[in-house]
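Please examine the sequence and the structure shown below. The explanation that follows treats aromatic pairs, a bound ligand and a helix residue in turn.

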Amino acid sequence: MSKPQVLAVAKLHPFYLQALETLYTVHDRTHVTDPAAFAALAPQIVGVAGTGEASVPRSLLAQLPNAKVVSVFGVGYDGVDVPAAIAHGIPVTHTPGVLTDDVADLAMGLVLSVGRSIPQADQFVRAGQWPSGPMALGRKVSGARLGIVGLGRIGQAIARRASAFGMQIAYTARSEKPDSGFQFYPTAAALAAQVDFLVAITPGGAGTQHLINAEVLQALGPRGFLINVARGSVVDEAALIDALQKGSIAGAGLDVFANEPHVPEALWSLRNVVLTPHMASATTETRQAMADLAFANMQAGISGLPLRTPVPEFAALLK
Ligand code: NAP
Ligand code: 8YV
């Protein structure tokens, strides 16, 4: 008997792909690479496998009459048209929690990297510049003021780490969290005006599009640093480049970009920027945990068993 058919809508991590291939035949982006073949294949697809960056639009869901689940390898699912998935009765799952520590670790790594110019210092030594003079002084991180845009699972994990550095923590989110004990500001601009390091860690999508805009960067000011580990769409990249070039903010640490994997060349040449390739969850341990959870969700969805981690919109419907 042939295996059930699954569509991969993005290049899958090998841990996830190998797990899927034990039970399913995985079609790698056939909807894009061979639309004619996909028209015949589509009615057989029972599961859709994606990543946090993958696009699952309404038009694709409409072609999948027998899909039973969309299993995203990632906590962010802003590429999935969830209202369309609800309309088509196709549950969406993601991988919350298992990557929280890694993403918070990288956020703190970027705070330290930009504040203390660690990558620049590495280049300084490798380029043989040490004998000809000291580097410019860095910015003290311990005790500095940290603003978190999005105090969810990962935002709270960043706050725990920053507390150990003696940082003064404030945040913004859709709703105030009185139990957190941290100062709440109702807008990103109001928060930015009060901090030295501003970390964005919200979901992407329409609700947060350009939440960090020119006004927020101006409020952050010439001694302030921006860290983005959320989604490229959360920051107005043109406004950010302008602010970095003019020195109207001190620097930035960026793991995510508007048009990945393409990073504007204007950022490559800036000395006050640290760039990483959307790698906040990219450790062997975490990618394995994400693969296990994404695979478990796929299996559950296809077999009609309870989903391990449906996205909140579906969790609410399933209650
Ligand atoms: P979460 O627990 O759902 O937290 C999201 C937080 O964002 C919540 O505090 C939420 O506010 C806040 N938020 C949502 N919309 C907002 C808005 N318009 N303005 C201000 N705050 C807003 O999610 P999580 O597990 O922490 O993950 C957060 C995001 O991190 C993911 O969705 C993904 O985009 C990103 N991420 C990136 C990487 C990477 O590799 N760089 C890896 C994993 C995750 P409320 O609490 O008030 O609802
Ligand atoms: C991953 C992410 O890089 O979880 C998310 O939302 O952005 C990351 O963990 C991604 O999903 C894997 O491609």
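**Aromatic pairs and a ligand site**

F73 counts as buried, because its relative accessibility is 5% and the cut-off for burial is under 20%. The model in which this value was computed is a predicted one. F73 belongs to strand β4, which covers residues 69-73, and it takes part in a pair that links distant parts of the chain. The partner is Y16, which lies in helix α1 (residues 14-23), 57 residues apart from F73. Y16 is buried as well, with a relative accessible area of 0%.

A pair of aromatic rings is described by the distance of the centres and the angle of the planes. For Y16 and F73 the ring centres are 5.7 Å apart and the planes stand at 10°, so the pair is stacked; planes under 30 degrees apart count as such.

The structure holds three aromatic pairs. Another of them joins Y171 and F184, whose ring centres are 5.4 Å apart with the planes at 50°, so this pair is tilted. The label follows because the angle is neither under 30 degrees nor over 60. Here, too, distant parts of the chain are linked: Y171 is in strand β7 (residues 168-172) and F184 is in strand β8 (residues 183-184), 13 residues apart. Both count as buried, Y171 with a relative accessibility of 0% and F184 with a relative accessible area of 17%.

F73 also leads to the ligand site. Around ligand 2 there are 13 residues, of which E53, F73, V75, R231 and H278 come nearest. By class, this shell comprises four nonpolar, six polar and three charged residues. A polar backbone atom of F73 is 2.8 Å from an oxygen atom of the ligand. R231 places a polar side-chain atom 2.7 Å from an oxygen atom of ligand 2, and for R287 an N or O atom of the side chain is 3.2 Å from a ligand oxygen. Taken alone, ligand 2 exposes 330 Å², and the protein buries 91% of that area.

The final residue to consider is L293, in helix α13 (residues 284-303). L293 and Y16 are 277 residues apart in sequence, yet their C-alpha atoms are 9.2 Å apart in space. With a relative accessibility of 6%, L293 counts as buried. Leaving aside residues up to four places away in sequence, L293 touches H94, T95, P96, V98, R308 and T309.

Definitions and conventions
Residues numbered from 1 in each chain as written. Chains lettered and ligands numbered in written order. Predicted model: local features only at pLDDT ≥ 70, side-chain atom pairs only at ≥ 80, totals over all residues. Heavy atoms only, no water. Phe/Tyr/Trp six-rings, centres within 6.5 Å; stacked < 30°, edge-to-face > 60°. Helix = DSSP H or I, 4+ residues; strand = E, 2+ residues; numbered from the N terminus. Buried < 20%, exposed > 50% of the residue type's maximum accessible area, 1.4 Å probe, protein only. Near = heavy atom within 4 Å. Polar contact = N/O pair within 3.5 Å; in protein donor to acceptor, adjacent residues only side chain to side chain. Areas by Shrake-Rupley, 256 points an atom, 1.4 Å probe, with all protein chains shown as cover. Nonpolar A, V, L, I, M, F, W, Y, C, P; charged D, E, K, R; others polar. Contact = heavy atoms within 4.5 Å.
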